[in-house]
Amino acid sequence: MAFDYRGKVAVVTGASSGIGKAVSLDLAKRGTTVVAVARRKELIEEVAEACRIHAPDSSAAVVDVADRAAVEGMCRETLERHSRVDVLINNAGIPQRIHVTRLTVEDVEQVMQINFMGTVYATLALLPSMLEHGSGHIVNVSSVAGRVGSPRESSYAASKFAMSGWSEVLASDLLETGVQVHLIVPGAIDTEIWQKVQEPASYSGKFIPPQKIADAVRDCLETGKFERWVPRRLQPVSVVRAVAPKSFIKGIHRYDKRAERPEG
Ligand code: NDP
């Protein structure tokens, strides 16, 4: 399936750092106009400027994805300016690593609002235009924690499982419309998100460069693939979870003992 990057328009949320920045620059380098979305004004403008070197119509939008009106406004302005959006990358997200005994309702509301509802706002705002054109790609950046449980990340996993379920059903609902839905399932990627966790991570292995996610996004756009794990070798974990759920839960509990023990 050919995918011509030139002349396309992409909205990338969470583009001020890490994965979103790598994806934005990668698409722009190939001639796609990028609307880079995030809250940190200076950083997002720097990314847009770097995109403009290759894709001169690229721009920055300072938007909090948890703010429905702001997301809808950004989508409206993007459609007014470019007439269409070919690719929506729902990537903005925050980590939340808090043992359930210390978790508040407000914590859960915050992570659901940013990681999941932000995706819903942008998707439903841009979908009618994609359907009208009979084409489009919606790429949702979930997580391994959105396919299998991850210790002390109940709220984060809930937001990412929501994204995975949402993506799977959208892919089915939209199957014959020309609008394709893709799910990216990253493992440990080398970004600043790891410095933002509230409690120490139990993971101590290697980190993958964010460019690998940009490569996976292109793989989905070019092949029409629904789901892409990075690295691919992690995918069998979901089979282990499916066939032996209790053993899986005991396994991740033991794995978590590497990190600081919860006080609760
Ligand atoms: P970063 O912390 O580097 O990037 C997160 C991005 O999301 C930033 O651009 C941040 O920008 C943006 N963001 C956060 N909150 C909001 C908000 N309320 N409104 C708008 N933008 C927001 O981490 P990553 O690049 O690693 O994360 C990108 C995605 O990848 C996330 O969804 C994350 O859950 C997912 N992921 C990452 C993994 C990893 O190991 N790195 C593993 C699995 C999934 P700003 O602060 O300027 O608003």
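**Notebook: cores, ligand shell and four residues**

I opened with V11, which touches V35, V37, M74, T78, V85, V87, L88, I89 and L126, once residues up to four places away in sequence are left out. A reminder to myself: this is a predicted model.

**Entry 1, the cores.** I asked which residues of the largest nonpolar core touch the most other members. They are V11, V37, V71, M74, L88 and I138, out of 33 residues in that core. Next I looked up where the core comes from: β1 (9–13), β2 (33–38), α3 (68–82), α4 (105–133), α5 and β6 (179–186) each give at least two residues. Helix α4 gives the most, with nine residues. I also found a second, separate core of 30 residues, and A10, I189, I213 and C220 are among its members.

**Entry 2, the ligand.** I turned to the ligand and counted 31 residues around it, of which R39, Y156, I189, T191 and K196 come nearest. I189 is a nice link back to my previous entry, as it is also listed in the second core. By type, the shell splits into 15 nonpolar, 10 polar and six charged residues. Helices α1 (18–29) and α5 (154–173) each supply at least two residues of the shell.

Then I checked the polar atoms. A polar backbone atom of I19 sits 2.8 Å from an oxygen atom of the ligand. For N91, a backbone N or O atom is 2.8 Å from a ligand oxygen. W194 uses its side chain instead: a polar atom there lies 2.9 Å from an oxygen atom of the ligand. How much of the ligand's area does the protein bury? The ligand taken alone exposes 870 Å², and the protein buries 98% of that.

**Entry 3, H182.** I found this histidine in strand β6. Is H182 buried or exposed? H182 counts as buried because its relative accessibility is 0%, and the cut-off for buried is under 20%. Leaving aside neighbours within four places in sequence, I listed its contacts as H137, I138, V139, N140, C220, G224, K225 and F226. Two of these deserved a closer look. The C-alpha atom of G224 is 7.8 Å from that of H182, although the two residues are 42 apart along the chain. With K225, the backbone oxygen lies 2.7 Å from a polar side-chain atom of H182.

**Entry 4, D219.** I placed D219 in helix α6 (residues 211–223). Its relative accessible area is 16%, so D219 is buried. Beyond four places in sequence, D219 touches G224, K225, R228 and R232. I noted that G224 and K225 also appear in the contact list of H182.

**Entry 5, S17.** Where is S17 found? I located S17 in the loop between β1 and α1. S17 counts as buried because its relative accessible area is 16%. Apart from neighbours within four places in sequence, S17 is in contact with R40 and E192.

**Entry 6, S155.** My last stop was S155, in helix α5. S155 has a relative accessible area of 3%, so it is buried. I recorded contacts with Q96, L103, V108, V111 and M112, again leaving aside neighbours within four places in sequence. I also checked H99: its C-alpha atom is 9.5 Å from that of S155, with their positions 56 residues apart along the chain.

Terms used:
Residues numbered from 1 in each chain as written. Predicted model: local features only at pLDDT ≥ 70, side-chain atom pairs only at ≥ 80, totals over all residues. Heavy atoms only, no water. Near = heavy atom within 4 Å. Polar contact = N/O pair within 3.5 Å; in protein donor to acceptor, adjacent residues only side chain to side chain. Areas by Shrake-Rupley, 256 points an atom, 1.4 Å probe, with all protein chains shown as cover. Nonpolar A, V, L, I, M, F, W, Y, C, P; charged D, E, K, R; others polar. Core = buried A, V, L, I, M, F, W, Y, C linked by side-chain atoms within 4.5 Å. Buried < 20%, exposed > 50% of the residue type's maximum accessible area, 1.4 Å probe, protein only. Contact = heavy atoms within 4.5 Å.
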